[in-house]
Amino acid sequence: MLKFEHRLKHLSALNKYFWKYRKRFFIGIFFVVASNYFAVLAPQITGFVINQVQQRLPGARPMLSQPVHDRLVDWFINLIQSAHTSFGWLVALCSITILALAVIRGILMFFMRQTIIVMSRHIEYDQKNEVFQHYQKLDTNFYKTHSTGDLMNRMAEDISRVRMYTGPAVMYLINLITLIGFCVMNMLRKDVHLTLLVLAPLPILAITIYLVNSIINKKSEKIQSLLSDLTTNAQESFSGIRVIKSFVQEKAMLGFFQKNSEDYKKNAVGLAKVEAIYFPSMALMIGISTLVTILVGGLQALQDSSKVGLIVEFVIYINMLTFPVSAIGWTASMIQRAAASQKRLNEFLQTEPVIANPANALTATVSGDIIFDDISFTYPHTGIKALDHFNLSIKKGDKVLLLGRTGSGKSTIAQLLLRFYDPTEGSIRVGEHSLKKIDLHTLREQISYVQQDVFLFSDTVSDNISFGLAQAAMQDKIEQAASFASVHKEILGFSNGYNTMIGERGVTLSGGQKQRISIARALIKEPEIIVFDDCLSAVDAKTENEIISNLYRYLHDKTAIIITHRIFSSFNFDNIIVLENGEVAEQGTHEVLMANNGYYAELYRLQLTEEGREIG
Ligand code: ATP
Ligand code: MG
């Protein structure tokens, strides 16, 4: 029990939402109470009618006591008795009233759902937004350590479980408390002794259902996680279908899938077995209560005939109690599960991004010299040291070429400049300011980073190019950016030109086309600093030259860092850096590096002979 209360604490994070929608919530509670009040009136009228009927039977025993009723029912009975109608009419009037009560109850229940369930949908919406907003705030490191499936689960599964608390669970809880309250109050008012006897089995029922439910939940949780494995498995097979087919691994994948699916089936069958106990145990308990009523009530009725109506009334009450008593069990487990989900959500919402905006962040335009001052960097979750006492100074407007073997730390430099990570040692300055003092938004707005692995959205070409802009871009600006990236002509060749859909539901672009569209997306921002991370690898030498010369022509006063594996000897780079194991191995202009006769010169000669072979 203590554990239960302890877990419930997590749900208190939701109180702010209940407060936000308090009007709806209180109106909802009113509807619940009112509908249950009307529900307990009908059995009393039935009891009254039964007594009236049996009084007219030949040889009827006398009524020794007058049954007690609710005030509203008393008023109604007085009303129809004072009308002195025929007996047939009396029965008919009572039936119509019972029907009317059922209708009133139905209407009130409709409004109860309309208020409380709708409130829970509003809360769900707010919560989804809150979680999504937090996702956007978290840094790259968080995404590296959590799988996409886990992240999606929080958005979908956890929030919908919490909604089961704010909606159905809260509604059932209020409903069952008031209904049980009204029923038991009415029963006690009529016959304390009989009430206690009849209600005795019901707590056992509530506890049984709670226990069975806990088992069911444990099993369904297991099933849920197996299902998630199964989906991940299927998803990977679909997106990696080309790899699977080209490596002829269809059979192996199928076997893997079948094994997962077998586990899932076994657990699902186990769950069905436990669920099968549920209803019989409920029916048994209700049956015992009914039996006690008839037995004890029947014995009493032998002396006092007014008890006949009472038996009928009690049997109806017991049936009315079936649902709320069994609901205690599953409402409790619903609340428990919601608490577990909310706990996960709370933990997540309390995760502060490591890379946060500084207090009094500078929002002035980011420009000027870039200085990497003795930077060392180790990736936090793998412990790989990517940069080792790396020093570099870049003047505003410089065009810098960054070369180096694969894994030498080139992309890491770009990531540090964008502050996806903070360096372990050393500091980076842009202009006069330390990177850590600059507002993150301003910083990233002023740097265009073309990533090594291109990512485009499933959207039109235009929307992909203008993605980084705050306002909708003019068409001619988009086209200009595309021309600078040497992709304009190809886009015009698509069936819908700039409005062509790309991605999963649209045309499939070639690797080079994707790269150049992502370059156009970077150029249209007109940034102060531009970083090309190996983004010319999939285009031919001629196009490559075209793009770089455009860069020189149109962005002559902007700083550009070009990361590559090739040498562009026709351009006069202000500085060429050769990186090796996270350190600067060589540095200088083309002439200096050629004279140096190191990695650069070797690469240059290799490239020349290759090009010579191509031409020859
Ligand atoms: P390439 O030319 O292949 O793109 P690179 O010079 O860009 O290589 P980096 O991506 O900077 O190399 O990687 C430098 C080192 O850091 C490598 O050893 C790599 O395994 C490691 N590394 C890169 N990214 C991560 C990451 N997100 N988490 C952990 N380690 C990483
Ligand atoms: Mg790289």
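**Figure 1. Salt bridges in the predicted model.** A search of the whole structure finds 17 salt bridges. The coordinates shown here and in the following figures are those of a predicted model. Side chains of opposite charge can pair when their charged atoms come close. The views below show several of these contacts.

**Figure 2. Salt bridge between E313 and K190.** The closest N and O atoms of E313 and K190 are 2.6 Å apart. E313 belongs to helix α13 (residues 307-350) and K190 to helix α8 (residues 148-190), so this contact ties together parts that are 123 residues apart in sequence. E313 is buried, at a relative accessible area of 3%. K190 is buried as well, with a value of 13%.

**Figure 3. Salt bridge between E262 and K265 in helix α12.** The N to O distance between the side chains of E262 and K265 is 3.9 Å. The two residues are 3 apart in helix α12 (residues 250-303), a separation of about one helical turn. An α-helix has 3.6 residues a turn, so residues three or four places apart point the same way. E262 counts as partly exposed at 39% relative accessibility, and K265 counts as partly exposed at 48%.

**Figure 4. Salt bridge between E546 and K542 in helix α20.** The side chains of E546 and K542 meet at 3.9 Å, N to O. Both residues lie in helix α20 (residues 541-554), where they are 4 residues apart, about one turn of the helix. E546 is partly exposed, with a relative accessible area of 34%, whereas K542 is exposed, with a value of 63%.

**Figure 5. Salt-bridge network of K396, E528 and K558.** Salt bridges link K396, E528 and K558 in a network. E528 is the acidic member, and a salt bridge joins a side-chain nitrogen of Lys or Arg to a carboxyl oxygen of Asp or Glu, so the two lysines K396 and K558 are connected through E528.

**Figure 6. Magnesium ion (ligand 2) and its protein donors.** S411 (OG) and Q452 (OE1) coordinate the magnesium ion at 1.9 to 2.3 Å. S411 lies in helix α14 (residues 410-417), while Q452 lies in the loop between β6 (447-450) and α16 (461-465), so the pair ties together parts that are 41 residues apart in sequence. S411 is partly exposed, with a relative accessible area of 21%. Q452 is also partly exposed, at 39%.

**Figure 7. Helix α14 and the residue that follows.** Helix α14 is mostly covered, with 7 of its 8 residues buried. The buried residues are K410, T412, I413, A414, Q415, L416 and L417. S411, with a relative accessible area of 21%, is partly exposed, because the limit for a buried residue is under 20%. After α14 comes R419, which has a positive phi, near 60°.

**Figure 8. Aromatic pairs.** The structure holds 22 aromatic pairs. In one of them, the rings of F25 and F26 have centres 6.1 Å apart and planes at 40°, so the pair is tilted. F25 is buried, with a relative accessible area of 16%, whereas F26 is exposed, at 52%. F142 and Y143 form an edge-to-face pair, with 5.5 Å centre to centre and 85° between the planes. F142 counts as buried at 9% relative accessibility, and Y143 counts as partly exposed at 35%.

**Figure 9. Aromatic cluster around F25 and F26.** Ring pairs link F25 and F26 with F18 and Y165 into a cluster. Within this cluster, F25 is buried and F26 is exposed.

**Figure 10. Charged side chains over aromatic rings.** R22 lies over the face of W19, at 4.2 Å from the ring centre. K399 lies over the face of Y552, at 5.9 Å from the ring centre. Y552 falls within the residue range of helix α20 (residues 541-554).

**Figure 11. Nonpolar surface patch including L99.** L99, V103, I107, F110 and F111 form a nonpolar patch on the surface. Together these residues have about 490 Å² of accessible area. L99 is found in helix α6 (residues 87-137). With a relative accessible area of 59%, L99 is exposed.

Notes. Residues numbered from 1 in each chain as written. Chains lettered and ligands numbered in written order. Predicted model: local features only at pLDDT ≥ 70, side-chain atom pairs only at ≥ 80, totals over all residues. Heavy atoms only, no water. Patch = residues over 30% accessible without salt bridge, like charges linked within 9 Å, V, L, I, M, F, W, Y side chains within 5 Å. Areas by Shrake-Rupley, 256 points an atom, 1.4 Å probe, with all protein chains shown as cover. Salt bridge = Lys/Arg side-chain N within 4 Å of Asp/Glu carboxyl O. Buried < 20%, exposed > 50% of the residue type's maximum accessible area, 1.4 Å probe, protein only. Donors = N, O, S within 2.8 Å, 3.2 Å for Na, K, Ca; no water. Phe/Tyr/Trp six-rings, centres within 6.5 Å; stacked < 30°, edge-to-face > 60°. Lys NZ or Arg CZ within 6 Å of the ring centre and 35° of its normal.
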